[in-house]
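Me: Got a minute to go through this one with me? I'll paste it below and start with a strand pairing.

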Amino acid sequence: MLAQNVSTTLDLHAAPLEDLLAEARRLRRGPLVTYSPKVFIPLTTLCRDVCGYCTFARPPRRGERAFMTEDEVLAIARAGAAAGCREALFTLGDKPELRYKVAREELRALGCETTIEYLARCARLVLEETGLLPHLNPGVMTREELELLRPVSASMGIMLETTADRLGERGGPHWASPDKIPAGRLETMRLAGELRIPFTSGILIGIGETREERIDALLALRALGEEHGHLQEIIVQNFRAKPGTRMASHTEPTLDDHLWTIAVARILLGPDWHVQAPPNLAYDDFPRLLDAGIDDWGGVSPVTIDHVNPEAPWPQIERLSEATSRRGLELAPRLAIYPEYVAKLDSWCDPAVAKHVRRAADAVGLARDDTWAPGEPASLPFLVRRGAAPLELSSDELGEDELTRLLESRGGEMNRVLAAADRLRQEVCGDEVTYVVTRNIQYTNVCYFRCGFCAFSKGKLARNLRGAPYLVPREEIVRRTREAWERGATEVCLQGGIHPAFTGDYYADVVRAIKETVPGIHVHAFSALEIWQGAATLGLALEEYLAHLRDLGLGSLPGTAAEVLDDEVRRIICPDKVTTSQWLRVHDAAHRVGLRSNVTLMFGHADTPRSWARHLLRAREQQQRSVGASPESTSADSGRARAELCCESSGGFTEFVPLPFVPMEAPMYVKGLARRGPTFRETLLVHAVGRLALHPWITNIQASWVKLGPEGTREVLRAGVNDLGGTLMNESISRSAGAEYGQELPPERMEELIRSADRVPRQRTTLYGDPKEERVRASFGASPLAPPLNPPVKEAGLVAPPRLVRPGLVARGR
């Protein structure tokens with residue numbers, strides 16, 4: 001390959017351009033090309049340097065302020081935030097106070113000694129007031145100045161431009177510009193690396209340097225980046241001559257020269273670096289920059305001009321997207337900080353900035369591509385495209401890497417993934433959409449576990465959240481169950497917090513009381529955490545305890561407490577809860593004693609698509625264990641009717657239930673430790689890829705209407721979903737987190753929603769059988785619910801034992 005042959009700079013000079021371009025494209029990693037939606041904030045155009053090509057910097061003018069006011073800065077930032085921008089690019093001249101008296105006087109009036117100090121104030125203001133992530137370009141800086149700016153910025157930058165000192169000599173482009181001395185700029189970058197500041201740099205070509213000097217500059221940047229890991233992108237910018245400057249008549253580099261330099265940058269830096277070229281400076285030829293191996297277009301603003309190159313407007317996002325897709329690539333918005341650094345945010349960002357980064361990021365660390373959030377009424381960002389050609393896939397080929405790629409898909413590939421899932425749903429389940437008439441009973445909101453995503457529990461660390469601590473008396477649980485039966489329910493779903501005084505006898509007594517009073521109802525109850533804690537408090541093996549509950553009348557287990565079956569994530573969101581292996585052991589034990597269950601996935605917080613892929617694989621493996629047969633025994637062509645297969649999947653898991661994280665009141669979101677839930681694209685993909693990954697083992701994919709709302713639910717029905725879960729009657733957990741879609745979706749409205757998606761509704765039982773006709777009749781036109789009784793927990797008089805069961809900490813040896 002050319003990369004092996006190009007061992008010296010002579011080879012780079014001698015190789016044909018087309019060969020260099022081809023090698024650069026080969027080295028570009030993946031199909032994604034990014035850009036940063038930004039606003040440009042020119043804090044001051046005063047500068048002590050006098051570069052021969054610059055029209056941004058200019059001397060003071062009578063009657064004009066030296067610096068933008070804070071109100072002016074905020075006005076631009078707010079306009080950008082309203083237009084969907086994520087970055088606030090602060091550009092300014094170097095240290096104008098060292099040259100201009102007016103700058104010193106104005107800074108003094110602002111209560112600042114230096115431009116850097118005022119920049120820090122304005123950046124903090126933008127960050128806190130708008131959530132835009134500041135990217136700061138103030139020029140050469142000391143360690144102290146970098147330390148001052150780090151807590152108010154996501155990233156910073158300084159263009160190296162060149163390593164050629166001779167360009168600073170009299171008559172050169174950098175003459176009388178002390179901040180353009182290459183050694184000083186490299187030292188700023190070195191200090192930034194020591195301080196772990198994500199940094200941008202690059203070279204400016206066509207200002208009098210040679211190609212050999214360009215290569216020398218790229219190698220200097222590569223050395224710094226390899227030493228500290230902080231150079232997140234390298235810009236290859238072409239000089240444009242501007243009227244009124246000393247270089248107005250200087251020859252501009254040709255497009256081929258620019259392409260040569262970009263390709264050389266890619267070859268020298270390799271596939272792991274981000275290489276950028278500004279599209280506006282290539283004018284209508286900007287699509288050709290992709291041919292040289294770039295993977296980023298830089299900042300593009302829908303609000304402000306390029307103040308450094310005002311003669312060159314940015315192309316519209318639609319043009320960028322079209323040009324990118326024509327070359328088989330996919331355009332995606334990013335943040336001012338790249339995904340590699342978002343993945344290790346605590347190392348690369350100050351905590352005050354990190355919380356804003358998380359709220360602006362999607363699951364891979366790029367910019368969220370919509371403003372949708374689970375549980376929040378808002379218009380959908382897009383609808384599932386009809387008529388897309390389905391992606392041809394086999395579940396046998398879907399390992400961790402393949403599933404991760406599908407879960408990260410965008411644009412055309414995403415449409416094909418959704419279409420493939422919908423086609424498979426049609427083949428396996430037909431057009432029926434099932435639901436169960438059920439009542440949720442959350443018997444207490446007191447919990448001694450510390451799940452960061454939970455706004456429902458009222459442990460010692462959560463007393464500021466919604467509602468007072470309560471414990472539903474056993475007779476009230478029975479009353480609600482009886483009322484649900486009278487309203488046509490076939491199931492009662494019981495879950496709650498883990499009160500420190502609970503033992504396994506509490507859960508057994510609840511089941512016994514329900515079945516003695518309403519023997520016909522199916523008891524779908526107790527997460528893996530409740531089962532583990534209940535068995536441990538009684539000193540029983542899991543199988544023994546589950547068999548006891550089964551004999552008392554427990555019908556099945558919900559799949560909650562699964563969250564994400566990836567311990568890397570669980571250590572962040574629920575460190576003392578059951579681990580992945582413990583959750584799987586509970587459900588394996590349940591399946592062994594003849595109890596069915598489902599598997600949930602709570603996603604969109606501190607997880608990633610790879611986490612979701614691991615979760616799906618672990619669910620699939622457990623289902624295979626529970627079946628105890630080859631895949632052919634449950635395949636769609638095994639001789640059983642399609643509808644029967646969909647209703648009576650023979651494994652232990654009855655369905656897969658994706659649960660989008662509702663962020664609004666969740667403690668870890670309030671503290672800035674979680675994302676703002678999944679994007680709508682991610683939500684569709686989790687349902688769709690779940691269908692593809694779990695086939696033919698788990699044939700029912702359920703959507704949570706409480707979290708998605710009617711419009712979102714209608715769209716996931718076109719992405720592989722065939723079940724809408726329960727009518728609920730009461731729902732507290734999602735509402736505690738901020739969801740606003742109500743507590744009940746009665747059969748009338750449920751079936752109306754299903755029909756609005758051109759599907760056929762069918763009531764089912766918990767295990768996907770047909771309910772008796774009298775149950776169905778009773779469920780329509782049901783009487784209103786009586787007000788529930790939730791007395792304060794202190795009235796129960798429960799006493800906690802001296803030692804509590806914390807399975808997650810025990811498993812990790814803590």
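Me: First thing: which residue in β17 is the bridge partner of V436?
Reply: That's G726 in β17, bridged to V436. Keep in mind that we're looking at a predicted model.

Me: How many bridges join β10 to β17, and do the strands run parallel or antiparallel?
Reply: Two bridges, and the strands run parallel. β10 covers residues 432–436.

Me: What sheet is that part of, and in what order do the strands come?
Reply: An open sheet of three strands, ordered β17-β10-β18, with parallel pairing. β17 (723–726) and β18 (760–763) are the edge strands, each pairing on one side only. From one strand to the next, the twist averages 20°.

Me: OK, switching to the interior. How many residues does the largest nonpolar core have?
Reply: It has 121 residues, and L494, F526 and W583 are the ones with the most contacts inside it. The helix that gives the most to this core is α26, with nine residues.

Me: What does L494 contact, leaving aside its neighbours within four places in sequence?
Reply: I441, Y443, I477, V510, I514, V523, H524, A525 and F526.

Me: And what lies apart from that core?
Reply: Another core, of 86 residues. M156, I205, W260 and L331 are among its members.

Me: I205, hmm. What about H258, which touches I205: where does H258 lie?
Reply: H258 is in helix α10. Besides I205, H258 touches V236, Q237, N238, A277 and L289, not counting residues up to four places away in sequence.

Me: Is H258 buried or exposed?
Reply: Buried, because its relative accessibility is 2% and the cut-off for buried is under 20%.

Me: Next door, which residue does D257 meet in a salt bridge?
Reply: R211, with 3.0 Å from N to O. That pair links distant parts of the chain: D257 sits in helix α10 (residues 255–269) and R211 in helix α9 (residues 211–228), 46 residues apart. D257 counts as buried at 14% relative accessibility, while R211 is partly exposed at 31%.

Me: How many salt bridges does the count come to?
Reply: 61.

Me: Which parts does the salt bridge between D369 and R681 tie together?
Reply: The loop between α14 (351–360) and α15 (400–407), where D369 lies, and helix α26 (residues 680–694), which holds R681; the residues are 312 apart in sequence, so the pair ties together parts with that separation. The closest N and O atoms of D369 and R681 are 2.8 Å apart. R681 is buried at 4% relative accessibility, whereas D369 is partly exposed at 32%.

Me: And what separates R190 and E187 in helix α8?
Reply: About one helical turn, because R190 and E187 are three residues apart in α8 (residues 182–194). They form a salt bridge, with the closest N and O atoms 2.6 Å apart. Both ends are partly exposed: R190 is at 26% relative accessibility and E187 at 33%.

Me: Which residues are linked in a network of salt bridges?
Reply: E400, D401, D566, E568, R610 and R614.

Me: Changing topic: how many disulfides does the structure hold?
Reply: Zero. Take C54, which is in no disulfide: the nearest cysteine sulfur belongs to C51 and is 6.2 Å away. C54 is partly exposed, at 27% relative accessibility.

Me: Why is C349 without a bond to C85?
Reply: Because the closest cysteine sulfur to C349's, the one in C85, is 19 Å away, too far for a bond. C349 is buried, with 3% relative accessibility.

Me: Last one: is helix α19 largely enclosed or open?
Reply: Largely enclosed by the rest of the structure, because eight of the 11 residues of α19 (residues 528–538) are buried.

Me: Which residues of α19 are the buried ones?
Reply: A528, L529, E530, I531, W532, Q533, G534 and A535.

Me: And what does G539 do just after α19?
Reply: G539 takes a positive phi there, about 70°.

Terms used
Residues numbered from 1 in each chain as written. Predicted model: local features only at pLDDT ≥ 70, side-chain atom pairs only at ≥ 80, totals over all residues. Heavy atoms only, no water. Salt bridge = Lys/Arg side-chain N within 4 Å of Asp/Glu carboxyl O. Helix = DSSP H or I, 4+ residues; strand = E, 2+ residues; numbered from the N terminus. Buried < 20%, exposed > 50% of the residue type's maximum accessible area, 1.4 Å probe, protein only. Disulfide = S-S within 2.5 Å. Pairing = 2+ DSSP bridges. Axes fitted to C-alpha atoms, helices over the stretch in contact; angles between N-to-C directions. Core = buried A, V, L, I, M, F, W, Y, C linked by side-chain atoms within 4.5 Å. Contact = heavy atoms within 4.5 Å.
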